[in-house]
Amino acid sequence: DGEVHMNELKNGNTEMFWNPTSEVRRQRLKRHIVLFEEQMDFESERLWQHVTSAINKGDQHKATQEKFVLEEEQRNAARERRESGMEWKPLLFWHDAGTNEWRYKYEDLRPWDPLNDIAQYEKDGILQTMERHLSTRMSNHKATCINNQITRHKRSAKDCRRRKTSDQPSNHSQNTESSCSTPESVQDLSDDDGKYLGFESLCAQCGKEMNHLKEIHSAVLSLQKAQQDIHR
């Protein structure tokens with residue numbers, strides 16, 4: 001959010017490349033971080049605090065020394081693991097043997113869809129995207145499952161009535177209790193009605209997406225609480 005200049009080396013002229021207005025500065029994203037005293041030892045801000053302090057003071061020699069200390073500790077830890085035969089298993093990264101690079105396990109490289117993607121958030125170190133159509137897709141799929149179950153139940157009830165009519169004499173048809181039961185109406189079917197009719201539980205995809213929605217809702221509530229704490 002500061003001024004950026006271009007320097008022409010041939011003639012020494014300087015040209016303004018970017019000069020953000022006060023309105024642009026007001027719109028910049030605020031940086032939210034975990035309180036320093038609550039950070040673990042290997043979180044970046046805490047781990048590199050001495051290097052950062054030296055850079056801010058303009059002490060390049062001190063910054064280099066602190067960086068060397070950190071890197072030497074990492075090399076020693078790797079050496080000790082190698083000698084003890086301990087296998088290092090990263091939680092969030094995997095090694096791409098083709099490029100000899102480490103890649104984030106949960107990377108999402110698709111373009112951002114402003115009509116569908118609501119927000120990105122982090123939960124337990126995993127970056128996730130909240131999408132608008134997730135609940136709609138789940139509702140449609142749930143409705144399809146229930147409609148299919150209604151159709152199967154209607155077909156079963158119809159077969160049952162057909163068997164009752166053909167198997168029993170007419171004078172006993174009204175006095176004899178049928179072994180089949182037919183619901184009076186399946187127009188307004190709720191979850192409880194589905195249980196009453198003996199419908200099977202929702203399919204695995206419905207359950208999975210319902211759990212996903214619950215996790216998203218829980219994460220959003222946690223973010224909202226954190227924002228309220230920050231503003232306080």
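**Pocket and helix pair**

Reader: What volume does the largest pocket have?
Author: This is a predicted model: local features need pLDDT of at least 70, side-chain atom pairs pLDDT 80 or more, and totals for linings use all residues. Numbering starts from 1 along each chain, and side-chain values use heavy atoms, without hydrogens or water. A pocket is an open set of 1 Å grid points that fit a 1.4 Å probe, with protein on both sides within 12 Å along at least five of seven lines. Probe spheres on those points fill about 1800 Å³.

Reader: Which residues lie closest to its centre?
Author: The lining has 39 residues, each with an atom within 4 Å of a point. The closest to the centre are Val34, Met40, Glu43, Leu92 and Glu122.

Reader: Which element gives the largest share of the lining?
Author: Helix 4 (60–84), strand 5 (117–123) and helix 7 (204–231) each give two or more residues. These are DSSP runs (helices H or I, at least four residues; strands E, at least two). The largest share, eleven residues, comes from helix 7.

Reader: How is helix 3 oriented to helix 4?
Author: Their axes, fitted to C-alpha atoms, come within 8 Å and cross at roughly 170°. Angles run from 0 to 180 degrees, and over 145 counts as roughly antiparallel. Helix 3 is therefore, relative to helix 4, roughly antiparallel.

Technical notes
Parallel < 35°, antiparallel > 145°, perpendicular 65-115°, else oblique.
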